[in-house]
Amino acid sequence: MIIGVLNGPNLNLLGTREPSIYGTATLADILAHLREVGTTLGAEIRAAQANGEGQLIDLVHGWRGLVDGIVVNAGAYTHTSLALRDAFTATAIPFVEVHLSNIYAREPERRHSMLASASVGMVCGLGADGYEYALRGLVRILRARG
Ligand code: DQA
């Protein structure tokens, strides 16, 4: 099984970006851990990060037929991008949404996700660990679907 891990704008700055909200783990730390967990689950991790909306859409398109599912933190595009949701529905790649912070406990403009209605599920507010939980949940659901 191959799982894509897609990170959106500003998540390349994890570790130094508002650590009181997003923690001190870098994206490299998170991905290294996911690869370890993936090995125990029999899931290979493909990872990508982009700051542009179109780049993220192109990455989803490029993963069609290559990955079985995607763990995605779309950053601020979560709250605005119908186009990114359309990329997921157009490719029919199952995905789990993850957020380090609890978007429902933050500013009003962060309390809606454009992606959630098309997702398998969402993990938010559990920090960097949330990526692991999202990966475990996605793999489990994909296996159950066969
Ligand atoms: C985020 C939450 C978003 O509102 C924000 O724009 C991010 C990170 C999170 O992981 O908590 O960039 O997706």
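1. Start with the helix pair. In this predicted model, helix H2 covers residues 27-41 and helix H5 covers residues 129-145. The two pack with their axes 10 Å apart, at an angle of about 30°. Angles under 35 degrees count as roughly parallel, so H2 is roughly parallel to H5. As for handedness, H2 and H5 make a right-handed crossing.

2. Now the ligand. Which residues surround the ligand? Going along the sequence, you'll find Arg17, Tyr22, Asn73, Gly75, Ala76 and His79, then His99, Leu100, Ser101, Ile103, Arg106 and Arg110. By class, that shell splits into 4 nonpolar, 5 polar and 3 charged residues.

3. Have a look at the polar contacts next. Asparagine 73 puts a polar side-chain atom 2.8 Å from an oxygen atom of the ligand. Histidine 99 also uses its side chain: an N or O atom there sits 2.8 Å from a ligand oxygen. With leucine 100 it's the backbone that takes part, as one of its polar backbone atoms is 2.8 Å from an oxygen atom of the ligand.

4. How much of the ligand does the protein bury? On its own the ligand would expose 320 Å², and the protein buries 99% of that. If you're checking the site on screen, asparagine 73, histidine 99 and leucine 100 are good places to begin.

Methods: Residues numbered from 1 in each chain as written. Predicted model: local features only at pLDDT ≥ 70, side-chain atom pairs only at ≥ 80, totals over all residues. Heavy atoms only, no water. Near = heavy atom within 4 Å. Polar contact = N/O pair within 3.5 Å; in protein donor to acceptor, adjacent residues only side chain to side chain. Areas by Shrake-Rupley, 256 points an atom, 1.4 Å probe, with all protein chains shown as cover. Nonpolar A, V, L, I, M, F, W, Y, C, P; charged D, E, K, R; others polar. Axes fitted to C-alpha atoms, helices over the stretch in contact; angles between N-to-C directions. Helix = DSSP H or I, 4+ residues; strand = E, 2+ residues; numbered from the N terminus. Parallel < 35°, antiparallel > 145°, perpendicular 65-115°, else oblique. Left-handed = near helix turned anticlockwise from the far one by under 90°.
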